[in-house]
Structure formats: C-alpha cells, structure tokens
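User: I'd like to learn how to read the surface and the interior of a model. Could you walk me through one?

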Amino acid sequence: MAAAEIINYKFPEPPNLVNCVVRGLVSHIETDCFWLQMEPDKVARLTLCTKEENMRQCEVPQLEEGECVVGRWEGDLYRGVIIKILEEGEILVRFVDWGNMATLARDMVRKAYMEEVETVVGAVKCKLLGRDLLAWTENL
C-alpha cells in the first residue's frame, strides 16, 4: 500500500528585505533566528476560528512526521506540523503561526482539516544579517 501524500501548509513568499523597517510581532526567538508575525491580528483571529472538537477521536488515524495537524497547547488549538513522533505517545509539533515547538500528548493532536491547511501561515522565520547573533535579541 502506498503512503498517503502529505499536504503542506501554504507559506508566504519569503521577502528579501535589506536595509528597511519591517513591522510585526516577534512571536518566538531561537538562537540564530526569530519568527515574525507580519499580521498578528490575523493570526489571533485564525486561532479563534480553528475548529474546536473533541481531540479524542474514536478511530485515531496514523500520524506521520511532516503532517499538518492542530494541537491543543495551553488550552487553545493551534495549527502545526509534526516534527517528530516520540516515544510513549508524544508528538513534537512546531506551531506554524507562532514558530515555537511543544511536545504534546497524542490525544491533544488531530489531523488538520483542508480549510485549516489552505490558510497561509502566520509566522515567517527571519534572520538579521550582519548582526552579532548572541546579542541581537537585546535590541528587540
């Protein structure tokens, strides 16, 4: 039996912005990059519109790494991508509208619906060129 095709979220075209001001909300910071929401109000509305449903489904579909999902984190539902299937029923998910990752219990994750996948992601991974990578966050 052939593996099911994995459908991906739509990512915005990455802008190549040099020597200009970019406005938005820094939603997550990593060592060498940060995630920027260019339209944070749109992301907030998207979080509210994500379908609330019982995460414990009678028939639990098999989930794969790279698959689009919705996960419950800190009481709310967020769109994400499975980074890794871990031991003991846990899943490492990167939230596409925020940039952060979390380890979630399997019963807190479901496959994303097509209308959830079709909406462009809200956070763009960014780097500052020509900056000290360890000290740049102090300027935010």
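User: How much area does the chain expose, and what share do carbon and sulfur atoms supply?

Analyst: Keep in mind that this is a predicted model. The chain exposes about 9500 Å², and 53% of that comes from carbon and sulfur atoms. On the inside, 34% of the 140 residues count as buried.

User: What is the order of the elements along the chain?

Analyst: Starting at the N terminus, you get β-β-α-β-β-β-β-β-α-β, that is, two helices and eight strands. As for contacts between residues at least 6 apart in sequence, 59% join residues at least 24 apart.

User: Now the interior. Which residues make up the largest nonpolar core?

Analyst: The general idea is that nonpolar side chains tend to be buried together in soluble globular proteins. Here the largest such core has 10 residues: Leu63, Val69, Tyr78, Ile82, Ile91, Val93, Phe95, Ala102, Leu104 and Val109. Strands S4 (76-85), S5 (90-95) and S6 (101-105) are the elements that each give two or more residues to this core, and S5 gives the most, with three.

User: Pick one core residue for me. What does Val69 touch?

Analyst: Leaving out residues up to four places away in sequence, Val69 touches Leu63, Tyr78, Ile82, Val93 and Val109, among others. Its contacts also include Tyr9, Arg79, Gly80, Val81, Arg110, Lys111 and Ala112. Apart from the largest core lies another one, of nine residues, including Tyr9, Cys68, Leu77 and Val81.

Technical notes:
Residues are numbered from 1 along each chain as its sequence is written. This is a predicted model: local features need pLDDT of at least 70, side-chain atom pairs count only at pLDDT 80 or more; totals for chains, interfaces and linings use all residues. Side-chain values use heavy atoms; hydrogens and water are left out. A nonpolar core is a set of buried Ala, Val, Leu, Ile, Met, Phe, Trp, Tyr and Cys residues joined through side-chain atoms within 4.5 Å. Buried means under 20% relative accessible area, exposed over 50%, partly exposed in between (1.4 Å probe, protein chains only). Helices (H or I, at least four residues) and strands (E, at least two) are DSSP runs, numbered from the N terminus. Contact means heavy atoms within 4.5 Å. Accessible areas come from the Shrake-Rupley method with a 1.4 Å probe; for residues, only the protein chains shown count as cover.
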